[in-house]
Amino acid sequence: MEKHRIMMVSDFFYPNFGGVENHIYYLSQCLLKLGHKVVVVTHAYGNRSGVRYMTGGLKVYYVPWRPFIMQNTFPTIYGLLPIMRTILIRERITIVHGHQAFSTLCHEALMHARTMGYKVVFTDHSLYGFADAGSIHMNKVLQFTLADVSQAICVSHTSKENTVLRSGLPPQKVFVIPNAVDTSMFKPAVERPSRSEIVIVVISRLVYRKGTDLLVEVIPEVCRLNPNVRFIIGGDGPKRVRLEEMREKHSLQDRVEMLGAVPHAQVRPVLVSGHIFLNSSLTEAFCIAILEAASCGLLTVSTRVGGVPEVLPDDMIVLAEPDPSDMVHAVQKAISILPSIDPQVMHNRMKELYNWQDVAKRTEIVYDHALKCSNQSTLERLSRYLSCGPWAGKVFCFVMMVGFLLWQLLELWQPADDIEEVPDVSFSHNCDEEMLQKNQWNEEE
């Protein structure tokens, strides 16, 4: 099989923590194990700027661009073109893989890579609506980016349907590859927690989209119905104050423990202290937190939204509508079937269902398809952009033409032959060992 030289691009990467960051890291490590060359490009984090190496020889370019809002860089459209061109040439990249729809760095990198004739792949990790102003704006930007993409990946079938509707991308260009979980990191506790007190764990960003307002109504009712139930809530966000007000109002200080933000390396100790994992998201393309909880042997209760019903088999999850009364009923059902749950059996099933090696092999196939895509002439690319709308299409064409002219000027000012190529350095490594070493790296940070 042909070996690829891949550049992962996103605003979201370590030392920031989240689902996209973990996805890029684990996928990159397993692609390295398969013999591919992988570099990651993201923006600077604090004083972390320049080139860094991570476990297994994963090379990360922290571009000296500061985040503007929500860890996103300010959209400059052309400001990153010289840096991206230099990295692409120096690393002899063949595939550019962008992640996350609201990453401005991703959109700009994919646009410049297509202008320079590289094959590009895009992975969408989230669901978006169609009615509010923010979604309308984001969907138009996504339509521009994906009008010229080689292949796309979504993390669930629901996410694929959402992306195709938002971007107008042909469905045959979109692959579905789910996320995975590092089961070597998320193992059940050696001693199972006592069932004399049932502990329900919530680990989530405390924001509207994650259903924090639902929790405010569900927790008091569950505590009223079950005197032996206790909640542990990990996470932080603007909605935290609502949970604290609920705890004060109902005098639940001794039954609702607020941990605040939980580092990823400390998520497992929190999970294994509980029996049930509660996810109240209002929208979710694919919830990695559910995988981590199931791998630790917790029974999951979740809202039936987005791609969540695709994540786990029916006997490992209790689904409910995003309604307080239905959520309470689902928690009651989970408590009743808790005695039949064996954490170790659940963990073993997760090892079979989800692993990053499988995700990497399936992503290889997408890269192979991308390289087989025919090269588009400039006129063909312009016709694609024109089809994006009567006004937006013309704007997109103008943006693309200016980018093309700037690229040609860069070619005259600094020819590609004058840019020194980076020698390849091979590292002997094992993919599973890297996952464990990565956790140690996180703790050191």
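Which residues of helix α4 are buried? In this predicted model, the answer is S135, M138, N139, L142, Q143, F144, T145 and L146. Their cover comes from several elements, including α3 (104-115), β8 (119-124), α5 (157-167), α13 (378-386) and α14 (392-413). The helix itself, residues 133-146, also passes a simple check of geometry: at 1.5 Å a residue, its 14 residues should span 20 Å, and because the end C-alpha atoms are 20 Å apart, expectation and model agree.

A good place to turn next is strand β15, residues 299-303. This strand is mostly covered, with five of its five residues buried. In a regular strand, side chains alternate between the two faces of the sheet. In β15, L299, V301 and T303 point one way, while T300 and S302 point the other way. Residues on both sides of β15 are buried.

And what does β15 pair with? One partner is strand β14 (residues 276-279), which pairs with β15 in the parallel sense over four bridges. Here I276 stands opposite L299 of β15. The pair is also part of a right-handed β-α-β unit, made by β14, helix α9 (residues 288-295) and β15. Strand β16 (residues 317-320) is another partner of β15, again parallel and with four bridges. Within this pairing, S302 of β15 has L319 of β16 as its bridge partner. Taken together, β15 pairs in the parallel sense with β14 and with β16, and its five residues are buried.

Methods: Residues are numbered from 1 along each chain as its sequence is written. This is a predicted model: local features need pLDDT of at least 70, side-chain atom pairs count only at pLDDT 80 or more; totals for chains, interfaces and linings use all residues. Side-chain values use heavy atoms; hydrogens and water are left out. Buried means under 20% relative accessible area, exposed over 50%, partly exposed in between (1.4 Å probe, protein chains only). Helices (H or I, at least four residues) and strands (E, at least two) are DSSP runs, numbered from the N terminus. Two strands pair if DSSP finds at least two bridges between them. A crossover is right-handed if, with the strands pointing away from the viewer, the path from the first strand over the helix to the second runs clockwise. The expected span of a helix is 1.5 Å times one less than its number of residues. Contact means heavy atoms within 4.5 Å.
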